[in-house]
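Please examine the model shown below, with attention to its pocket lining and to the overall build of the chain.

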Amino acid sequence: MISAEHVGRSYPPGDPTPVSAGRIAAFADAIGDPDPAYRGADAAAPPTFVMSVAADAWQAMFDDPELGLSLARTVHADQRFHWSRPLRAGDTIAPQLTITSVRTRGATETIGIRVVISTVAVEGGPAEPAGEEICTAESTFVHNREAAA
């Protein structure tokens, strides 16, 4: 069971994810945004693109057997982003999740998390500084331990 004792728990960074111009354009097409800033070799990613990587980091928390969380009994209640710079084609990034708060009331747990999206170095990749923080995504989840009747 998750408790306030788990605040500060971090999981290893996720796998490096290359961000290509094609992937950005496909994401923009999927959300129906024709903005030319999301097209071409120097494309910037739409702000919500980062969730395609941040959500991968959530799995580590849901897979943690000590916490006993069930995705089926969880509601994503809040999301905030803090940007250091735009995510661009050519970046290679990885997410790292930390539990920032836990509040328990009866069978309901309110869990705050922070996912930091940073650049990672890849052999033969662009000369960007590894470990450059691009975005922090803060989320709140509401988890209920009781199964629906």
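The residues that line the largest pocket divide by character as eight nonpolar, three polar and two charged, in a model that is predicted. The pocket itself has a volume of about 150 Å³, and of the 13 residues in its lining, those closest to the centre are Gly14, Asp15, Asp56, Ala57 and Pro95. Two elements, helix H2 (51-63) and strand S3 (92-105), each give two or more residues to this lining, and H2 supplies the largest share, which comes to four residues.

As for the chain that surrounds this pocket, its secondary structure consists of two helices and five strands, and, read from the N terminus, these elements follow the order β-α-α-β-β-β-β. Where contacts link residues at least 6 apart in sequence, 70% of them join residues at least 24 apart.

The table collects values for the chain as a whole.

| Property of the chain | Value |
|---|---|
| Box filled by the C-alpha atoms, along the principal axes | roughly 50 × 35 × 20 Å |
| Buried share of the 149 residues | 38% |
| Exposed area | about 7,800 Å² |
| Share of the exposed area from carbon and sulfur atoms | 54% |

Burial in the table refers to residues under 20% relative accessible area, and by that criterion 38% of the 149 residues in the chain are buried. Of the area that the chain exposes, about 7,800 Å², carbon and sulfur atoms supply 54%, while the lining of the largest pocket, counted by residue, includes eight that are nonpolar.

Conventions: Residues are numbered from 1 along each chain as its sequence is written. This is a predicted model: local features need pLDDT of at least 70, side-chain atom pairs count only at pLDDT 80 or more; totals for chains, interfaces and linings use all residues. Side-chain values use heavy atoms; hydrogens and water are left out. On a 1 Å grid over the protein atoms alone, a cavity is a set of points where a 1.4 Å probe fits but cannot get out, and a pocket is an open set with protein on both sides within 12 Å along at least five of seven lines; lining residues have an atom within 4 Å of a point. Grid points are joined across faces, edges and corners, and a volume is the space filled by probe spheres set on the points. Ala, Val, Leu, Ile, Met, Phe, Trp, Tyr, Cys and Pro count as nonpolar, Asp, Glu, Lys and Arg as charged, and the others, Gly among them, as polar. Buried means under 20% relative accessible area, exposed over 50%, partly exposed in between (1.4 Å probe, protein chains only). Contact means heavy atoms within 4.5 Å. Accessible areas come from the Shrake-Rupley method with a 1.4 Å probe; for residues, only the protein chains shown count as cover.
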